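Hello,

Here is the structure I promised to pass on to you. Have a look at it first, and then read on for what I found in it.

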Amino acid sequence: MNTLVRPCDVEHILLDVDIQDRRQLFETVGRFLSPQRQDAASAIARQLDERETLGSTGLGQGVAIPHARLRDLATPIAVLVRTALPIAFGAPDDKLVDLFFILLVPEQATQEHLQRLADAARILCERRVRDGLRTSVSIADVHAVMRDGGQS
């Protein structure tokens, strides 16, 4: 199973979400991952935003990989968000972004964090993967694209 699927269960795929900006994206992901704990949801949003202020995690071609390290996280977790409409995200090609692979890793997971980011970037830079993620109708179909992504 590839690096996209391991930390991103089928339950962590959000399709056609109405998102207006980066702040709303991070708040939505925080609430999604911690619906009963506002403090945890806020911490997730804050960590993602703090990382993003260091430089955009936009890759180009409508894809971004926002990521953060979290102190109280035991294992990596990811959320794939496909927005209903693309949003400005400071991507290097100045294109709007509609595919977000958000990766959260334990605070101490340095090499693992870097490897997951590199693998996700490599896979998401493949046109057939991006196209599949954009055109898939169901969460199961999106998960299949993620499962098979990077495999020829």
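A word on terms before we start: a residue is called exposed when its relative accessible area is over 50%, buried when that area is under 20%, and partly exposed in between. Please also keep in mind that this is a predicted model.

Let's begin with helix α4, which covers residues 127-135. R127 has a relative accessibility of 61%, so R127 counts as exposed. Its partner in a salt bridge is D131, with 3.7 Å from N to O. D131 comes to 35% relative accessibility and therefore counts as partly exposed. Both residues belong to α4, and they sit 4 residues apart, about one turn of the helix.

Why can such pairs form at all? Side chains of opposite charge can pair when their charged atoms come close.

How many salt bridges are there in the model? The count comes to 8. Besides the pair in α4, let me point out two of them. R37 is joined to D39, and their closest N and O atoms are 2.9 Å apart. R37 is partly exposed, because its relative accessible area is 47%. In the other pair, R147 meets D148 at 3.2 Å, N to O. R147 has 36% relative accessibility, so R147 counts as partly exposed. D148, at 35%, is partly exposed as well.

Next, the way two helices pack. Helix α5 runs over residues 139-148. How are α4 and α5 placed relative to each other? The angle between them is about 165°, and their axes lie 8 Å apart. Angles over 145 degrees count as roughly antiparallel, and α4 and α5 are therefore roughly antiparallel to each other. The crossing of α4 past α5 is left-handed.

Which residues make this contact? From α4 they are R128, V129, G132 and L133, and from α5 they are V142, V145, M146 and D148. Sorted by type, the residues of the contact are 5 nonpolar, 1 polar and 2 charged. D148 is thus one to look at twice, because D148 takes part in this contact and also in the salt bridge with R147.

One last residue of α5 to find on your screen is A144. A144 has 21% relative accessibility, so A144 counts as partly exposed. From A144 to G132 the C-alpha to C-alpha distance is 9.2 Å, while the two are 12 residues apart in sequence.

Enjoy exploring, and write back with any questions.

Best wishes

Key: Residues are numbered from 1 along each chain as its sequence is written. This is a predicted model: local features need pLDDT of at least 70, side-chain atom pairs count only at pLDDT 80 or more; totals for chains, interfaces and linings use all residues. Side-chain values use heavy atoms; hydrogens and water are left out. A salt bridge is a side-chain nitrogen of Lys or Arg within 4 Å of a carboxyl oxygen of Asp or Glu. Buried means under 20% relative accessible area, exposed over 50%, partly exposed in between (1.4 Å probe, protein chains only). Axes are lines fitted to C-alpha atoms, for helices over the stretch in contact, and angles run from 0 to 180 degrees between N-to-C directions. Angles under 35 degrees count as roughly parallel, over 145 as roughly antiparallel, 65 to 115 as roughly perpendicular and the rest as oblique. A crossing is left-handed if the near helix is turned anticlockwise from the far one by less than a right angle, and right-handed if clockwise. Contact means heavy atoms within 4.5 Å. Ala, Val, Leu, Ile, Met, Phe, Trp, Tyr, Cys and Pro count as nonpolar, Asp, Glu, Lys and Arg as charged, and the others, Gly among them, as polar.
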